[in-house]
Amino acid sequence: QEPQASGLPEYIKIVEVGPRDGLQNEKMIVPTDIKIELINRLSKTGLPAVEVTSFVSSKWVPQMADHKEVMRGIERHPGVQYPVLTPNLQGFHSAIAAGATEVSVFGAASESFSKMNINCSIEESMEKFEEVTKSARNMNIPVRGYVSCALGCPYEGNIIPAKVAEVSKRLYSLGCYEISLGDTIGVGTPGSMKKMLEAVMKEIPLSALAVHCHDTYGQALANILTAIQMGVSVVDSSVSGLGGCPYAKGATGNVATEDVIYMLNGLGINTGVNLYAVMEAGNFICTALNKKTNSKVAQASFNTGTIN
Amino acid sequence: VVPTAVKINLINMLSETGLQVIEATSFVSPKWVPQMADHTEVLQGIRKAPGISYPVLTPNLKGFQAAVAAGAKEVSIFGAASELFTRKNINCSIEESLERFQEVMAAARAANIPVRGYVSCVLGCPYEGKISAAKVAEVSKKMYSMGCYEISLGDTIGVGTPGSMRDMLSVVMQEVPVGALAVHCHDTYGQALANILVALQMGVSVVDSSVAGLGGCPYAQGASGNVPTEDLVYMLNGLGIHTGVDLQKLMDTGTFICSALNRRTNSKVSQASCRL
């Protein structure tokens, strides 16, 4: 078996989802000024994209109720993208009015998950997203598409790779420039990641794919490694591993950005991100949330006083 | 420090999970390692299930003799790829430590007892920092040619990444056949499963792990150490790789020992599974 020496991307784009996906799934609701401070700090780390907030009704997601204030309050650094979630046309308009220049839509590879999460079928959700992508195209606003439950669903269990490929293709043909494949409950392993990506790569160009792995079963870095060995060059992660799993109480959720960068640095892959700066931003938000970091790199580094 | 009865129960429960090798204890002076002071009682107290091996650590001839007297059928010796680490840990040079091991090897050969060799600091040292792959290969080769049937390469402080794992293994594999290699990854920086995956991709087929991820890191206070067996088995199951281990029984064993230690598990699989 040949060692995986070459074949890895030279550069990997990290999409930081801590301020949105992370904070949305934390118990504590964070004050607006803390959110803004976190995003401003993340903007200075070299991260090329920071997911800012979600323009969804505060009735559904109270943690993101201050979406307008956050969007208007953050510093906009050149070379950094600030995507926001927009579940429908109304959210999209609201986002644009608040100054958003990139948006995301969230689909799912599971009918049950779609119904339970956004109260409509996959097909109906695609119709809503089409309204967003059409408006976005007219205004030259890029749209990123997420596919949840790519490696398993809390309701349906196993998800077949062909379904993930079908939903991804749908979103891509609606005009999404990138499709982020999410292991929403973290059940995936390098085995299932490989099979799923093989199916999706038949429909979507590699350069338009991203992986969004949850670390609920400790598999995230191994899954990400598998994806990048297959040529994926965009990885979502969350500073300090913010954001638990709503489907497994007390379990972890997002993979920690610090741990991802540590791995990519060790592989000689360029990310443009300053690991120490991310750790400091992580330290800031964990202090504000009065919680321990989920990043092992941060835990190890702050306790030895040395950074490896 | 865990009571002897709890240790024995832990090992007996592990013997029911399908695991084929369970490192039972260490025949080292209780002055150095008080947690292993009851080594003789533990080795004599456990149920020795057929088909399962219960290796024990033996740092020198004295320890080896005590281990054999207590019924040990397999022993392990611990070398290191770092001079400073060896000096700090066992107060001698690598060369001197290997001379000590020669005594153990000779006695083991005479008694027909297999010896497993560990090499610490293969991907980094808490004192020296970077460790050259050539040094790891040199120490591994010496221990292998002394008669160790297997060499377990340990990322002692967990600083390794798939990159350094790959680089180290490709050099070591030039000196020791891959069938005689094992990896012992620590999860201190969250890299263990990714490192293990790379090792597997390169042909390594023996992996060390610790139920519930027991064992912190003495070099980074509060940080984790060993990779949890549950999380490893979960990954191998997902890869369709056969281990013979029953994950549920393993998780139950982890629950038992964490309860006894009054601590949370380090296994994410265990954390997630309990709540679903």
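How many salt bridges does a search of the whole structure find over all chains? The count is 24. This is a predicted model. Two topics follow: the interface of chain B with chain A, and the cavities.

**Salt bridges**

Side chains of opposite charge can pair when their charged atoms come close. Two of the salt bridges are found across the interface of chain B and chain A. Two named pairs are set out here.

| Salt bridge | N to O distance |
|---|---|
| Lys268(B) and Asp215(A) | 2.6 Å |
| Glu26(A) and Lys291(A) | 2.9 Å |

The pair Glu26(A) and Lys291(A) lies within chain A. Glu26(A) sits in the loop between helix 1 (18-24) and helix 2 (32-43), and Lys291(A) in the loop between helix 11 (275-289) and helix 12 (296-304), so the salt bridge ties together parts of chain A that are 265 residues apart in sequence.

**The interface**

The size of an interface is often given as the accessible area lost when the parts come together. Between chain B and chain A, about 3,100 Å² is buried. Carbon and sulfur atoms give 59% of that area. On the chain B side, 37 residues make contact, and they meet 39 residues of chain A.

Polar contacts also cross the interface: ten residue pairs qualify. Which helices of chain B each supply at least two residues to the side that touches chain A? They are helix 7 (162-172), helix 8 (192-201), helix 9 (229-238) and helix 11 (268-275). Helix 11 of chain B gives the most, with six residues. By class, the side of chain B that touches chain A has 17 nonpolar, 14 polar and six charged residues.

**The cavities**

Three cavities of 30 Å³ or more are present in the structure. The largest holds about 230 Å³ of space. Its lining has 21 residues, and the closest to the centre are Asp215(A), Gly218(A), Asp187(B), Gly190(B) and Lys268(B). Both chains therefore appear in that list. Helix 9 (220-229) of chain A and helix 8 of chain B are the elements that give two or more residues to this lining. The lining divides into eight nonpolar, seven polar and six charged residues.

Asp215(A) and Lys268(B) link the two topics. They meet in a salt bridge, and both are among the residues closest to the centre of the largest cavity.

Terms used:
Residues numbered from 1 in each chain as written. Chains lettered and ligands numbered in written order. Predicted model: local features only at pLDDT ≥ 70, side-chain atom pairs only at ≥ 80, totals over all residues. Heavy atoms only, no water. Contact = heavy atoms within 4.5 Å. Buried area = accessible area lost by both parts, 1.4 Å probe. Salt bridge = Lys/Arg side-chain N within 4 Å of Asp/Glu carboxyl O. Polar contact = N/O pair within 3.5 Å; in protein donor to acceptor, adjacent residues only side chain to side chain. Helix = DSSP H or I, 4+ residues; strand = E, 2+ residues; numbered from the N terminus. Nonpolar A, V, L, I, M, F, W, Y, C, P; charged D, E, K, R; others polar. 1 Å grid on protein atoms, 1.4 Å probe; cavity = no way out; pocket = protein on both sides within 12 Å on 5 of 7 lines; lining within 4 Å. Points joined across faces, edges and corners; volume = space filled by probe spheres on them.
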